[in-house]
Amino acid sequence: MQLRLAIIGFGVVGQGVAKILCERKEQLKSRYGADLIITAISDVKKGAVADPQGLDPSALLQHLETHPDLTSFPAPDRGWDALTTIRKADADVVVEVSWTDVKTGGAALGHLREAFACGKHVVTTNKGPMVVAPWEMLEAAARAGVEFRFEGTVMSGTPVINTAWRCLRGCEITGFSGILNGTTNFMLTRMEQGLTYQQALEEAQRLGYAEADPSGDVLGWDAAGKVVILANTVLRKPLKLEEVELASGITEITPAHIEEARRACERWKLVAQAHVEDGKVMASVLARRVPLSDPVAGVMGPTNAITFRTDLLGPVTIVGAGAGQKETAFAVISDLLDIHATLVAKQA
Ligand code: HSE
């Protein structure tokens, strides 16, 4: 079955999706029967192009190697803004991978509302809408009768939400804790190896781990956003961003602090957690010194980890990539394949 995609946002993740399609399009078709075709792209900086016959992902990427934007890329339709693209593109699925704003939801909130109103399926890695209005998004998708996947909002392509929703079905999940931001974990690792805070941040930005505005990463807002998404969708309890206890993220950790921890056989980590207490979610994202014997201390670089506390199975830990272009783009591909499988099953 064909799945035609309108990609909103063609930055790190959007281009990552195009890269995977360049390499794997035929394999995805022969192995899963999923023919993924990009029919539209709209990006605030790079412009917009659309072609109901399909845009060649490799030609798009090559074009961007020599041009700053897509304005001269040959296509029958062009110049549509995001909302027009969502409405007019010949697409089954809107892939929302634009700029993230966990405090307001940003433009992505309107993009998802429009996609659901148009009856289009949605895949997103954008945390904004699922932090600011998770229940509204889930209900809008259900009302519209469309598929909605957002695995890439937490720990990139590492299957956290799917594991909780599918594999832990039947268990009561009463809380979780772990490391939910790749940038800060990478920075702490690199600072331990001798880099300054600024050098470590610049490297995280260069490698595509940090958000476009990295202050959300280092101050803990990004991890807090992920806590909110998991509290609402996995613990199924309402939690707002401003209810997460936050201090200064990792911004006040100096090489001297790191050295002091090392001498005490400890390591600094930005620990995110939430648990249910008297029916209410208590959540925090705080930098802490953890003993080297704590399994979380061994999670290094952009790798993340989460332990779900469950009633029937005890603690269940998932460790995997927390950030990165290919890792987050994989979340989109895996969500698209899941939607494809669901639609094929519905047809049968
Ligand atoms: N900036 C985020 C991080 C990207 O470093 O974890 C993945 O959500």
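The expected span of a helix is 1.5 Å times one less than its number of residues. I keep that rule at the top of the page, and I note that this is a predicted model.

**Entry 1: helix H13**

I tried the rule on H13, residues 325–347. At 1.5 Å a residue, its 23 residues should span 33 Å. The end C-alpha atoms are 33 Å apart, so the expected span and the model agree. Next I looked up which residues of H13 are buried. The list has Thr328, Ala329, Ala331, Val332, Ile333, Asp335, Leu336, Leu337, Asp338, Ile339, His340 and Leu343.

**Entry 2: the second largest pocket**

I stayed with H13, as it helps to line the second largest pocket. This pocket holds about 320 Å³ of space. I find 16 residues in its lining. Nearest the centre lie Ile20, Arg24, Lys326, Phe330 and Ile333. Two elements give two or more residues to this lining: helix H1 (12–32) and H13. Which of them gives the largest share of the lining? H1 does, with nine residues. By class I noted six nonpolar, four polar and six charged residues. Ile333 turns up twice in my notes: it is buried in H13, and it is among the residues nearest the centre of this pocket.

**Entry 3: the cavity**

I then searched the whole structure for cavities of 30 Å³ or more, and one came up. Its volume is about 40 Å³. The lining consists of Leu188, Glu192, Ile258, Ala261, Glu266, Arg267 and Trp268. Helix H8 (182–192), helix H12 (255–263) and strand E10 (266–277) each give two or more of these residues. E10 gives the most, three residues. What classes make up the lining? I have four nonpolar, no polar and three charged residues.

**Entry 4: helix H6**

H6 covers residues 134–144, and its buried residues are Pro134, Met137, Ala140 and Ala141. Do they line one face or spread around the helix? Seen down the axis of H6, the buried residues fall within an arc of 135°, so they line one face. The face turned away from that buried side carries Ala142 and Arg143, both exposed. I checked what covers the buried residues. The cover includes helix H4 (106–117), helix H5 (127–132), strand E7 (148–149) and helix H11 (221–233). After H6 comes Gly145, with a positive phi near 70°.

**Entry 5: Val227**

H11 led me to Val227, which sits in that helix. Val227 has 0% relative accessibility, so it counts as buried; the cut-off is under 20%. Leaving aside neighbours within four places in sequence, I listed its contacts. They are Phe176, Leu180, Leu239, Val244, Ala272, Gln273, Ala274, Ala283 and Val285. I also took one long-range distance. Thr100 is 127 residues from Val227 along the chain, and their C-alpha atoms are separated by 15 Å.

**Entry 6: the loop after E7**

Last, I looked at the loop between E7 and helix H7 (161–167), where Met155 is found. Ser156 is in the loop between E7 and H7 too. Phi of Met155 is positive, near 55°, in a residue other than glycine. Ser156 also has a positive phi without being glycine, near 40°. Are these residues buried or exposed? Met155 is buried, with a relative accessible area of 0%. Ser156 is at 3% relative accessibility, so it counts as buried.

Technical notes
Residues are numbered from 1 along each chain as its sequence is written. This is a predicted model: local features need pLDDT of at least 70, side-chain atom pairs count only at pLDDT 80 or more; totals for chains, interfaces and linings use all residues. Side-chain values use heavy atoms; hydrogens and water are left out. On a 1 Å grid over the protein atoms alone, a cavity is a set of points where a 1.4 Å probe fits but cannot get out, and a pocket is an open set with protein on both sides within 12 Å along at least five of seven lines; lining residues have an atom within 4 Å of a point. Grid points are joined across faces, edges and corners, and a volume is the space filled by probe spheres set on the points. Helices (H or I, at least four residues) and strands (E, at least two) are DSSP runs, numbered from the N terminus. Ala, Val, Leu, Ile, Met, Phe, Trp, Tyr, Cys and Pro count as nonpolar, Asp, Glu, Lys and Arg as charged, and the others, Gly among them, as polar. Buried means under 20% relative accessible area, exposed over 50%, partly exposed in between (1.4 Å probe, protein chains only). The arc is that of the directions from the helix axis to the C-beta atoms. Contact means heavy atoms within 4.5 Å.
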